[in-house]
Each structure stands twice: as structure tokens, then as C-alpha cells.
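Student: I should like to request a close look at a single part of this structure, the surroundings of one lysine side chain. Please then set that part beside the cores, the sheet and the cysteines.

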Number of protein chains: 2
Amino acid sequence: MQKPSIPKGTRDFSPLEMAKRNYIFNTIKEAFLLYGFQQIETPAMENYSTLMGKYGEEGDKLLFKVLNSGDFLKSVTDEQLIGRNCAQLTSSLCEKGLRYDLTVPFARYVVQHRNEIQFPFKRYQIQPVWRADRPQKGRYREFYQCDADVVGSDSLVNEIELVSLIDYVFAKFGINICIKLNNRKVLTGIAEIIGEADKIIDITVAIDKIDKIGIDNVNQELSEKGISDEAIATLQPLLQLSGSNTDKLATLRSLLEKSATGMKGVDELEYVLSHADSLGMKANVELDVSLARGLNYYTGTILEVKACDVQIGSITGGGRYDNLTGVFGMEGVSGVGISFGADRIFDVLNTLDLYPAGTCVSTKILFLNLGENEASESLRTILALRSKGFSAELYPDCSKMKKQMAYADAKQIPYVGIIGESELSEKVITLKNMATGEQCKVTAEEIADRLS
Amino acid sequence: MQKPSIPKGTRDFSPLEMAKRNYIFNTIKEAFLLYGFQQIETPAMENYSTLMGKYGEEGDKLLFKVLNSGDFLKSVTDEQLIGRNCAQLTSSLCEKGLRYDLTVPFARYVVQHRNEIQFPFKRYQIQPVWRADRPQKGRYREFYQCDADVVGSDSLVNEIELVSLIDYVFAKFGINICIKLNNRKVLTGIAEIIGEADKIIDITVAIDKIDKIGIDNVNQELSEKGISDEAIATLQPLLQLSGSNTDKLATLRSLLEKSATGMKGVDELEYVLSHADSLGMKANVELDVSLARGLNYYTGTILEVKACDVQIGSITGGGRYDNLTGVFGMEGVSGVGISFGADRIFDVLNTLDLYPAGTCVSTKILFLNLGENEASESLRTILALRSKGFSAELYPDCSKMKKQMAYADAKQIPYVGIIGESELSEKVITLKNMATGEQCKVTAEEIADRLS
């Protein structure tokens, strides 16, 4: 018989991995709650019509579709079947698909429950999503997203709060980060100024390369992309944007003077940066005009988080969008949100070995099983320990000592309790510290104190 | 545009529902940890071959299948397509399905990771499962299962621990329960004694009806099912089984004297019952020979939990199985497990209104937004409160007071903090208790104490 396996791109999580993942999710959850976000959950399956067309042509292909139950061919003719147009057939065979992200289900939720929701609605959601992407290192077909969004408020207070939340979370993790901020209106302004609105992506890509290839090569690349010499000349201050955030803001102000939209973007950036500054962040918060992320999606603030001490892509990202729910018929709902990249945070914490001591300890004390009466007495002691909050267990079988101790080692259990014949008659417990090897005899009353 | 919806049988969970569900799951999780169980997670999608044939013919139909990506018709001929044999076509169109329960994925996990696992393996798993059942009240197409199992040990200590765990969890919830215990070997023994091994299901169904229809009607029903008069006469002590667990055990012993298997079952029941008794349970633990649950699956202990104060089906169930992993080629692994019915526990807690005070409180204090400078000062106070563990937020917009207070009410926020012009100059915060309506002025240093 073949050894069983799981679908490619998916993962099993062992107890050790779960302990680490729980640490990550619990830390993020706790922060979400401290900042006033409330949890929701949506179903793994959404209607096909809810999902299709929301992620571009490529996204449609990457959706996992769920086959209808029963006679799934009933609405399909023989001609259609033999025609073998898979894309077209799918909509007849499947009326459901798996969640591709948490944003579209959230938008659907907001519209569907609009009358029960008190706006502004601060929601968080931590659930897996599924994408039929080609699996590769760090890219999975099932992975968790951790999103927090505020919808129904266009106040920049939300941006400040989200930056503060990011700062809080990574400070808790002990990960040094840089929070990069940009604003879509600034990018729009740049495109307006140089009269090349359709080239904005080429421009941001070029700006991003300056450190790597130098300004001359960047200018050449811009020229090759068909950007006029005049426009390139206008862009020069932007390409050489440096110094403090204040310096950068000043350069942007003079450059974008003639674009009302661009100036609005600079105002917004300044507001968020100055508040982040006065609140005092651990993180380095930096204006970065090369930051574009899903340009078509964001309408205001754009943000991204990089780890300072590990070479890895963005570990958190987000921004403001002005028409999340429009696609479901509810216009004028502005929102801003962030998404923590749990898998990458997991990698960073592993690389830097930043898990707090005890993250992987589950059981505090294992009682050895040395016979029926001894085990019964152990169970009584264990029950008392649990009522005081200590995780405790009895080895279920009266196996060889070596095997029982190996179990304690494998589970990283820090203490072993022994009630044998002599302990039974003396009414004591032998307590062994597994790290030091030290042993001592304690009473049932004393043992809890020793474990604290 | 049509209002968006979700697939039938699935649910959105609102913040209020999530708060209650989190209370349930956290209580169960905490108990699992106290008892030494470790968490694992498995993918939502399993290979089609892992799932098919594991849940009977009906179960196969209830599996959700995931359509292959890309050209999903490539391995199907035109003849096969026009033949329209849906069941057969499915295996060509789909190589993956959604998890139907947590037991089969767990068995697959144990076999796949057998070399990394330290046995006995005490694992817990809390994840959603999907079934294409006809939705009805209390039955959903997506629901969570909460399972704890011990595999690789046939010691009855595991049964005792699971009974104790159930007792602990429901005591925490404040739900009065009866834990019903039976043993498959006793049922096998009964069938042996009366020479009607294939009628065991009819017999347990009949026993279960005694309270409702009386002994005469039960005997008549047994007769109609083709059970001989002699067998019915032999069954009489069983049908009238009553009194304490000790009384019932004595009756079973005399009845099953000639069945070695039956006597083994009685021994096992007695062992578990006597230990449950000496450990002292809150729950009423009761021997119930009519308890059969998935008869073909269990091989030893069978258990089920009923709520005393609410009419609802079983809220937890489980038992011992001796060949969980055999279907994946790993023989001889005995296991015992339980599964908490989260949705029904949710219903019971709602019916009896047993949620602890504060379950639905997320944010402790909302600061009103009374202008830019006032908001900045509020943000500083909020940050300090969060660092002390208080969940706090600032209303993001400088809206009308009424709207901001409505927000606090809707989110059940117990305190409102006000920093207006006068508070700014006096360097104080007006603190309002939303329950009593009381207001007082406090300093930034005092506010945390007031909230405690």
C-alpha cells in the first residue's frame, strides 16, 4: 500500500509547528483586540459569482472551484461537453469556489450585513485562503491571512492606528522593522506632472532600482520605456529623493505644486508621518515613493513592512481603498487595512530564533506509570495540579522506565513526577527536574509551589 | 444588483457570535492543554483517494470535490463525457476533496508522520469540516469539529482521562451533564449469548425505546424483527437493566457469563466507572447498554454526553477504535478519542445563558474624537492604556457626539473617555461609566486604576 500523502502545496502542522504558529497568531490577535478590532469569520466556500472577476484574469484561473453535488452535468449539453471549453464549463459544473483572500469575502460580508453593522467597522479575520498557484519555496496553495480593516471612515486616524498596531506587534515579536509609507495620490500627482499617466508603473519600478543600478541606468531605462526627455528631466528630484522624511516631503511639495491630487497625497503622508513621530514608534517609519503594491486597488495610503535583519520580502502590507464594496452594489465605503504575512513572520522568527522560552512547552509535568495503585494516586495528584492551572499527564501504560522518560524528552516536558511503592507508603512524590537532573521528594501540598 | 449571499448551509459569524465561539473553543483548548494534548492541523483539501471509501457509500456522495485546475477534461474521452456517469467522471475531474471529518485526516497524518511521532500520541485538532448534507436546523455544510485522541496505547487510563476531561470542560461551562458509557464488547457479548449476532443494532434500538414505549411493546418489536422467543426471554434482564452502575454491572456479569468477550467488556466498564467514581466527577456517569454510536467503528469503550437541562442530542461523543490506521497500511494502532460538538454546545450555552460576564466585551474604553489636538492627546493616553493591557480605541472621525456614543453602545464598550478643550487645559480626562452613567475627572496616571 502506498504511503498516504497530501495535495501539493499544502501542509500538515506538527505540534511543534502549531505551538510556534499559535504564538504568532495569539500575539497578533491580542494586538487586534487591544486596538479595538473585532473578529469575524466567513465560510471557506463562497458563491462562484462572488469570487469570479475580482482578482483579474489570472486570479480567476487560480481559484479552486468546488464541483456541484449530485448530477453536476445536468445543465450542460452534449455539444458543450464535447466542445471542451473548460473555462466556460466550469461555471456550469461549479457554483462554489474556495476563498482566495479575506478581502472579497469581507466586502461581501459588509454589504450583506450592512444593516447589522455599526460603522466605522473595525474587523479582523484570521483564516486560511486557497490559491491554485504553482507551489514553490514559501508559496503554498493553502495559507493563513491575518487581516485588520476599518471601513466606513476616511479619517487618517485609522492610518495612524494601523501604523501603531504594526509597531506594537513587531515590538512584541522582537523583530526590527522598517515601515515604508507612500500614497497613491502622490503617484497620481507624479504622473500628472510629467504628463505620462499611463507610465506610472514603469516610473515606480525605475525609482525602486536606483540603489541597485544607479541613476544613469534608470534614466536610460525610462527613456527606453518611451518617457520623454522633458519628463525625465522633471523626474530628477524625485529620483534623487533622499534624506529625512521631512526633506523628502519638502522635495515632493515643490515637485507636485501644480497637482492638486499630488499635494493632497503629500498632506496625507505628512499627517501620518508626523503623528507616527510624535507617538514614538520603535519601528523606523520611512517615506518611500517607489512603493506601489496593487496600484489599481489602493487610493490613498500605501504601506509595507520589511524586516531589518532578514532578507525576505514584505512581511506585512496594506493601504487605503475607496471602493471596496462597490463591486457588490454598495458605493462610497472607504476603508483602510493591513495584512500580516504569517508564513513569512514564522520564517523570520525561526531565522532569528526569537520565540520566547516556553513557547514549545505544553505539558509541565509527566507522572510515570509504575503500576495500578501508583497510577491511581498519580491521577489524584494530577487532577489537583490541573485545578491549579498546571498542565499534567500520566503515562498511560506501565511501560519500561526508559520508554516513559523518552516520552517526556520528546514532548520537552520539564518535570517528571514519580509515585512508586515507596512514595506511596511515605505519602510523597519524587519530583525530577529534567533540565538539571535534580530530584527531590515533595508532598502533594508542596508540589504546585515547586512547579511555579 | 443582487444582494450578495453565501452558499446554503454555510454561515458568517459576526463579532458577537465570534466572541461566544472563541469562549467555547478557548475553554476546550485550555482543557486539552491541561490534559497534555498537543495541537495539529491538516490541510482543508485531502487527496481524493484519502477520503473516498472511508465514510460508506452515502459519505462518498456527501464529500465536496475540488475541480482540477486547468484542462480538467484532459483524461476524459468524449464517450465518457456523453456517458454522463457522474460518480465515475468525478474521479477523473477531481483529485482533491474537502475534509469530511478530522478522524480520517488524523489517521493519514499518523501514518504519514509515523517516524516523527512519539507514541502514545495525544493530539487535539479544532478545524472546520465540510459535508454536502441537506442543510436543516442545526445541521450545516461547514462546521467545526473539536477532537482529542490518544493513539498507540490501549491502556484504560486513557478512557479515564477522557472522561475526566469531559467532566472538566462541562464544569467550566457550567452545563450539567450525564456521561453515558457503554462498551462494544458488551454488545458483542449480548449478540453471542442470544445467538443473533446480526441483530445487535435492532436490539440496541429496542433497548433505547423502553422508557418511551414500555417493555411489552419492545418485546413485540423484537419479535417482529425476527428475534426468537428464546432469545427475547434471555434478553429480559438486559431490557430491565436498572439501578446503580454497580447493579447494572452485576446483572451484565450474570447475563454474559458465557461470553469471554462480553465479560472483558464488563471488566473494562467496571474499571472505568470505578476510577471515575474515585476521582470524583461533577458529571453523572452512567452505564447505558443502549448506547451504540457508529457500532462498526468502535471496538471498546463507547461514550456520549447529554445535557441535563436542555433537550438536544448528544453534545460530545467518542470511543475506542482498534484499527484507525489500518486502512492506510499501518496495523495494530489502538486509539481512543472524543469529539466536542461545538455548535450544540453553543446552542446549550445560549439557551441557558451561561456565558460569563464580559464574554462579549472587546474594547474597554472608547475615547471620543473632539478635534485634532484633543484626538492627538487621546491617542497618547490610549497608547499608555494598551501598554497596560487595556483594549482602547479612539473614534476615528470628529463626528456628532450622539453618533460616537451610539458606537460605544453598539460595541458594548463599558467606559468612554473624553478629552475636550477644557480637559486639555486642565490636563484631565473625563471618564464615563456607560452602565451607571456616572462621570468623573481623572488624570492620565489614575485612569488605568479606575478601569481595573
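Tutor: A polar contact is here a pair of N or O atoms within 3.5 Å; within protein, one of the two must be able to donate a hydrogen and the other to accept it. The model is predicted, and the description below should be read accordingly.

The lysine in question is Lys65(B), which is placed in strand β3 (residues 65–67) of chain B. A polar atom of its side chain lies 3.4 Å from the backbone oxygen of Leu63(B). The side chain of Lys65(B) also reaches the backbone oxygen of Asp60(B), at 2.9 Å. With a relative accessible area of 12%, Lys65(B) is buried, because buried means under 20% relative accessible area. Neighbours within four places in sequence aside, Lys65(B) is in contact with residues of chain A, namely Lys65(A), Val66(A) and Leu67(A). In chain B, its contacts on the same basis are Tyr48(B), Asp60(B), Thr90(B), Cys94(B), Lys96(B) and Gly97(B). Tyr144(B), 79 residues away along the chain, has its C-alpha atom 19 Å from that of Lys65(B).

Cys94(B), one of these contacts, leads to the cysteines. The count of disulfides over all chains is zero. Cys94(A) is in no disulfide, and its nearest cysteine sulfur, that of Cys94(B), is 7.5 Å away. Cys94(A) counts as buried, at 1% relative accessibility. Cys360(B) is likewise in no disulfide, the nearest cysteine sulfur being that of Cys146(B), 18 Å away.

As for the cores, the largest nonpolar core has 120 residues, of which Phe170(B), Phe173(B), Phe340(B) and Ile345(B) touch the most other members. Helix α7 (residues 157–173) of chain B supplies the largest share of this core, ten residues. Ile345(B) touches, among others, Ile24(B), Ile28(B), Phe170(B), Phe173(B) and Phe340(B). Apart from this core lies another, of 118 residues, including Leu252(A), Val348(A) and Ile382(B).

Chain A also holds an open sheet of eight strands with mixed pairing, in the order β1-β5-β6-β11-β10-β9-β7-β8. Its edges are β1 (38–39) and β8 (284–287) of chain A; each has a single partner strand, so one side of each is left without a neighbour in the sheet. Strands β9 (residues 301–307) and β10 (residues 316–321) of chain A pair in the antiparallel sense over four bridges, and Ile302(A) has Gly319(A) in β10(A) as its bridge partner. Helix α13 (residues 342–352) of chain A lies across β6 (142–151), β9 and β11 (335–340) of chain A, and runs at about 110° to β6(A).

Technical notes
Residues numbered from 1 in each chain as written. Chains lettered and ligands numbered in written order. Predicted model: local features only at pLDDT ≥ 70, side-chain atom pairs only at ≥ 80, totals over all residues. Heavy atoms only, no water. Core = buried A, V, L, I, M, F, W, Y, C linked by side-chain atoms within 4.5 Å. Buried < 20%, exposed > 50% of the residue type's maximum accessible area, 1.4 Å probe, protein only. Helix = DSSP H or I, 4+ residues; strand = E, 2+ residues; numbered from the N terminus. Contact = heavy atoms within 4.5 Å. Pairing = 2+ DSSP bridges. Axes fitted to C-alpha atoms, helices over the stretch in contact; angles between N-to-C directions. Disulfide = S-S within 2.5 Å.
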